[in-house]
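Here are some short exercises on reading a protein model. Have a look at the structure first, then try each task before you read its solution.

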Amino acid sequence: MERKKILEVKDLSISFKTSAGEVNVIRGMNLSLYKGETVAIVGESGSGKSVTVKAIMGILSNNGKINSGSIEYTYNNGTKEVTEDILKLKKSEIRKRINGKRIAMVFQDPMTSLNPTMSVGAQIMEGMIYHYKTPKKEAYEKAVNLLELVGITDPEKRMKNYPHQLSGGMRQRVVIAIALACDPDLLICDEPTTALDVTIQSKILELIKDIQAKTGISVIYITHDLGVVAKVADYVAVMYAGKIVEKGTTDEIFYEPRHPYTWGLLSAMPDLNTEDDKLYTIPGSPPNLLHQVQGDSFAPRNIFALNIDYRKEPPMFQISETHYAATWLLHEKAPKIEMPAELKNRINIMLQEGK
Ligand SMILES: Nc1ncnc2c1ncn2[C@@H]1O[C@H](COP(=O)(O)OP(=O)(O)O)[C@@H](O)[C@H]1O
Ligand SMILES: [Mg+2]
């Protein structure tokens, strides 16, 4: 089946004005998303994951500035298929036509997206009434169905509850129900389970996968935890210092990673055979983006860095039809460097155990 592109972020650059100066937080970001597929964006905290999706939702903070790029979104406007650059729309247009209607978002902390003074039911119905003028009775029935869909038992009773009457896991389910209320075609989940405990975390992940299987919605899933990615994503984009440094299918990223930063992230991933105190961490810290980065931004933390890494930024090298990485190690004239033996070992074990 032919894949249908619904979102394309092209050469996006964003900076923030701060008291210390201008910080270049997103530095030429590229990302594509196709209908019905899940892309996970992974990377350490501060790499620019949230800022990227806030730009897509038109909710960048006021000190943010778009310096270049486009965010092309393709959707059916009721009569025909249209492609619009979200960055060219006014905030009010995004709110009316896109945000919450066609693209919906789930944040890390459910309490920040829920209104404490409004019943759960009213909050689920609100968007349908605002965007589609859905009659109240119909909106009510749909809200009950949505609560059922997200795995909340006794949905009619829960409709009357207020957020504080629900557990953390249930609140996040409600947030997901709100997000789905207008039948969006893209769901953005920004660390949706980070604030939840591990068992509830995996239930929410299952739920998101389940919903995707039922509705065919596209998902952007943001996390700093690669372990989560394996469970939800079709494709993975690894982000470092405001850029995608490697992308590929989930299998390519887990079993054939090519960027030393991805090697580091995978090595730092806990598994059942690792004792916590022996867990690897990537040495050093990300660059200060108040200053212009010379060469490859990962070079100072990369034990495999070549001389050229300190001078020139690597392009994206293509490895397969779906797999790309921005590292000079992939240049034909670069020395042949293999991933660390310990990581190779872990990957072999994962492969033997069958994913
Ligand atoms: N409004 C803002 N003003 C200044 N800096 C910001 C602002 N919002 C985010 N940043 C900075 O941008 C970088 C990327 O942030 P973010 O996208 O939130 O990272 P993450 O990948 O953890 O989601 C961080 O260094 C953060 O401090
Ligand atoms: Mg974030």
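**Exercise 1.** Work out how many bridges join β1 to β4, and which way the two strands run.

*Solution.* Start with the two strands: β1 covers residues 5–18 and β4 covers residues 64–76. Eight bridges join them, and they run antiparallel. One position to find by eye is Ser-15, which stands opposite Lys-65 in β4. Strands here are DSSP runs of E, at least two residues long, and helices are runs of H or I of at least four, numbered from the N terminus. Two strands pair if DSSP finds at least two bridges between them.

This is a predicted model, where local features need pLDDT of at least 70, side-chain atom pairs count only at pLDDT 80 or more, and totals for chains, interfaces and linings use all residues. Residues are numbered from 1 along each chain as written, chains are lettered from A and ligands numbered from 1 in written order, and side-chain values use heavy atoms, leaving out hydrogens and water.

**Exercise 2.** Find the order of the strands in the open sheet, and say which strands stand at the edges.

*Solution.* First, trace the four strands: the order is β2-β1-β4-β5, with antiparallel pairing. Next, look at the ends: β2 (21–34) and β5 (81–85) each have a single partner strand, so one side of each lacks a neighbour in the sheet.

**Exercise 3.** Decide where Asp-11 is found and what is notable about its phi.

*Solution.* Asp-11 is found in strand β1. Its phi is positive, about 45 degrees, although Asp-11 is not a glycine. For comparison, most residues other than glycine have a negative phi.
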